[in-house]
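Here are some notes for a reader who is opening this structure for the first time. They are meant to be read beside the model.

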Amino acid sequence: MAGGERGGTEPEPKVVVHPIVFGVSACLIVAVSAFGAAVPETAGRVFSALQGWIVHTFGWFYMLCIALFLLFVLYLAFSRFGAVRLGPDDSEPEYSRLSWFAMLFSAGIGIGLLFFGVAEPLLHFAAPPAEGIAPLSPQAARFAMNATFLHWGIHGWAVYVLIGLALAYFAYRHDLPLTLRSALYPLLGDRIHGPIGNAVDIAAVIGTVFGVATSLGLGVLQVNAGLNYLFDVPEVPWVQVSLIAAITLMATVSVVAGLDAGIKRLSELNMILAVVLLLAVFVLGPTVFLLSAFLQNVGAYASEIVALTFRQFAYQPNEWLGGWTLFYWAWWMAWAPFVGMFIARISRGRTLREFVVGVLLAPSLFIFFWMTVFGDSAIHAVLVEGQDRVLELAQNNMPLALFGLLEGLPLGFPLSVLAIVLIVTFFVTSSDSGSLVVDMLASGGAEDPPVWQRVFWALTQGLIAAVLLLAGGLGALQTAALTSGLPLAVVLLAVGFGLYTALSREAQAQARYEGPPLPVASVAIDWRRRLKQLVRHHDRRSAEQFLAETVRPAFESVVLELRTLEVQATLRDDAEALAVEVIDPASEVPAVLFAYGVQLRSYRTMTFTVLEPQREAARRHWYAEAWCSTTAERYDVLGIDRSALIDDLLSHYSRWVAARTAPQPVDVPAAS
């Protein structure tokens with residue numbers, strides 16, 4: 001996705017397996033699975049006790065974290081950082097706004113909307129936890145939709161924004177790996193590659209696996225309920241496990257088929273089926289009432305958002321908070337590495353402000369409309385039409401609430417079949433996408449992780465879902481989300497602090513170094529030669545030759561001369577990248593004060609023919625991107641001579657020397 005047609009180094013795919021992240025994550029997950037499978041009743045009691053302890057001890061912490069995340073991302077959007085691009089300053093978005101919103105829309109759709117879309121508003125409507133609100137009253141209806149909007153609105157998406165923003169910023173602006181540990185670079189430096197970074201990625205893997213498994217478990221419960229409702233298929237554990245096995249097998253086939261042939265087509269099918277189902281219920285239900293309710297729901301949510309954010313029920317403790325609000329907050333956090341990485345990969349080139357506003361509002365508004373159509377249709381059926389059957393189904397068997405609503409509409413049977421198909425396709429795409437993201441985390445950020453690992457994670461997620469259902473059903477699923485979300489909440493706080501630190505340092509650096517660097521080509525190259533360089537196609541071999549024969553000797557000469565002048569300097573040699581670094585001699589831990597480097601990059605060349613599309617698409621243009629620690633601007637220097645390259649380096653260095661008043665170590669991310 002974010003690799004796109006533009007920018008980004010794409011060397012030959014490397015198969016990387018991070019032994020610590022993969023091994024520890026797999027062992028912990030398998031251990032939990034074995035415990036649940038061996039003694040399901042004991043596991044159920046343990047899960048129940050664990051959930052109660054987390055709610056009692058850390059409930060306030062979850063609520064505070066969610067509030068901080070929302071306030072933080074809104075601050076970033078409307079502060080001086082809002083104009084920062086997720087990529088070099090001259091980068092452009094890879095996707096149009098319409099395409100980008102469409103992909104955000106697909107990310108905002110999931111099994112949870114079908115599972116809770118009818119049941120949640122009805123259950124809040126029937127048993128509001130707040131004092132002074134009579135059950136099944138108009139006041140209870142307003143409370144029900146307010147609570148539902150809270151759980152599915154901008155608070156949860158703020159978690160995705162934080163993760164996605166941090167991943168996109170450090171990956172596309174500082175060329176760090178697309179893993180969660182990269183967001184901690186401003187705090188830890190190169191230590192992100194050690195035990196702390198491993199622990200962060202392990203927490204992300206475990207949280208994602210249990211978060212996705214929770215969704216898969218909910219989906220299977222609803223598929224089984226629908227099959228029982230329509231075709232009398234029994235609702236028993238062996239049927240649910242069989243459904244998990246069958247659908248996980250479908251997800252595995254999608255994994256093997258690849259991104260384009262598998263998940264892409266299923267995602268497109270998801271979008272079409274979801275919109276068809278939504279419009280059918282909207283048109284066949286109380287349409288005018290739904291339009292009025294939508295406006296009122298959004299207005300009430302906006303006017304009461306502060307009170308909703310901090311509602312703790314401190315003076316009237318009840319189980320509602322842990323079973324609903326805290327479960328949702330932990331579930332959003334568990335899904336954050338998964339969805340955040342997806343959003344990051346499609347957002348290269350966007351400004352920070354555009355990213356925050358778009359990701360917060362576009363999916364939330366769609367979800368608000370979805371919840372209004374399904375939730376208020378059910379409330380209308382009970383409150384106005386006196387149809388109590390859908391309420392009884394929600395209270396006795398939550399997964400059946402959706403089918404109870406559809407039954408009361410024209411075309412109820414085909415719509416119910418459509419809903420089952422939609423749940424299955426959501427199951428498959430969630431498992432497939434989750435497997436890809438977990439595999440990337442367990443492979444050190446590799447963009448082309450091995451297929452066997454994706455198959456392993458797809459099967460593991462299905463196994464976890466089956467074990468949780470056997471060990472306690474919905475309660476065990478909620479406990480899994482609550483537990484896995486706790487360490488991720490701590491990680492997210494650190495991610496936010498790291499992102500703010502990096503943005504502040506960049507702003508300070510840009511304030512000291514106003515104005516663009518000297519354009520090298522205009523100084524050292526005749527205009528005819530410069531034009532030739534612009535239109536000429538460079539392959540990988542010529543780019544590597546330039547790095548070896550021009551950049552390396554130039555940098556070695558500068559480093560040698562700096563050392564002669566008693567300046568501590570080194571030549572850093574990374575894969576397809578070289579950099580001159582000036583080191584602070586007074587620091588116990590080596591700290592880079594100034595750096596200038598050249599990184600080989602490539603992009604897909606444009607094709608104007610339909611002949612041999614695979615061969616044409618594989619052709620890439622290579623260039624040499626110059627970068628400096630004092631500016632975010634990057635530009636091509638391939639083709640210039642050693643003297644011109646040294647002149648450009650010294651122009652940056654001279655400005656740094658002039659602006660520097662005291663030694664101030666600047667964290668410089670790896671160039672690749």
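1. Aromatic pairs. The model is predicted. A search of the whole structure turns up 37 aromatic pairs. One of them joins F282 and F369, with 5.5 Å from centre to centre and 55° between the planes, a tilted arrangement.

2. What the F282 pair connects. F282 belongs to helix α10 (residues 259–284) and F369 to helix α14, so this pair ties together parts that lie 87 residues apart in sequence. F282 has a relative accessibility of 15% and is counted as buried, because the cut-off for buried is under 20%.

3. A pair of sequence neighbours. The rings of F327 and Y328 also make a tilted pair, because their planes stand at 50° with the centres 5.5 Å apart. Both residues are covered: F327 counts as buried at 1% relative accessibility, and Y328 is buried with a relative accessible area of 1%.

4. The aromatic cluster. F327 and Y328 do not stand alone, since ring pairs link them into a cluster with F115, F116, W152, W157, Y160, W324, W331 and W332. When looking at these rings, keep in mind that a pair of aromatic rings is described by the distance of the centres and the angle of the planes.

5. The hairpin. Strand β1 (residues 569–574) pairs with strand β2 (residues 577–583) in the antiparallel sense, over six bridges. The two strands form a hairpin with two residues between them, and E576 in the turn has a positive phi of about 55°. Among the bridge partners, T570 is matched with E581 in β2, and L571 with V580 in β2.

6. Cover over β2. Is strand β2 mostly covered or mostly open? Strand β2 is mostly covered, with seven of its seven residues buried. In a regular strand the side chains alternate between the two faces of the sheet. Here A577, A579, E581 and I583 point one way from β2, while L578, V580 and V582 point the other way, and all are buried. The bridge partners E581 and V580 therefore point opposite ways from β2, and both are buried.

7. R572 in the partner strand. R572 is found in strand β1. R572 counts as buried, because its relative accessibility of 18% falls under the 20% cut-off. Its C-alpha lies 9.7 Å from that of F555, and the two residues are 17 apart in sequence.

8. A nonpolar patch on the surface. Which residues make the nonpolar surface patch? L74, F78, V357, L361 and L365 make this patch, which covers about 440 Å². Helix α14 (residues 352–383) gives the largest share, three residues. V357 lies in helix α14 and counts as partly exposed, because its relative accessibility is 30%. Helix α14 thus appears twice in these notes: with the nonpolar patch, and as the helix that holds F369 of the aromatic pair with F282.

9. Cysteines. How many disulfides are there? The count comes to zero, by a rule that asks for a pair of cysteine sulfur atoms within 2.5 Å. Two of the cysteines can be placed by their cover: C65 counts as buried at 1% relative accessibility, and C628 is buried with a relative accessible area of 4%.

Notes: Residues are numbered from 1 along each chain as its sequence is written. This is a predicted model: local features need pLDDT of at least 70, side-chain atom pairs count only at pLDDT 80 or more; totals for chains, interfaces and linings use all residues. Side-chain values use heavy atoms; hydrogens and water are left out. Patches are made of residues with over 30% relative accessible area and no salt bridge: like charges are joined within 9 Å, nonpolar side chains (Val, Leu, Ile, Met, Phe, Trp, Tyr) within 5 Å. Accessible areas come from the Shrake-Rupley method with a 1.4 Å probe; for residues, only the protein chains shown count as cover. A salt bridge is a side-chain nitrogen of Lys or Arg within 4 Å of a carboxyl oxygen of Asp or Glu. Helices (H or I, at least four residues) and strands (E, at least two) are DSSP runs, numbered from the N terminus. Buried means under 20% relative accessible area, exposed over 50%, partly exposed in between (1.4 Å probe, protein chains only). Two strands pair if DSSP finds at least two bridges between them. Rings of Phe, Tyr and Trp (its six-membered ring) pair if their centres lie within 6.5 Å; planes under 30 degrees apart count as stacked, over 60 as edge-to-face and the rest as tilted.
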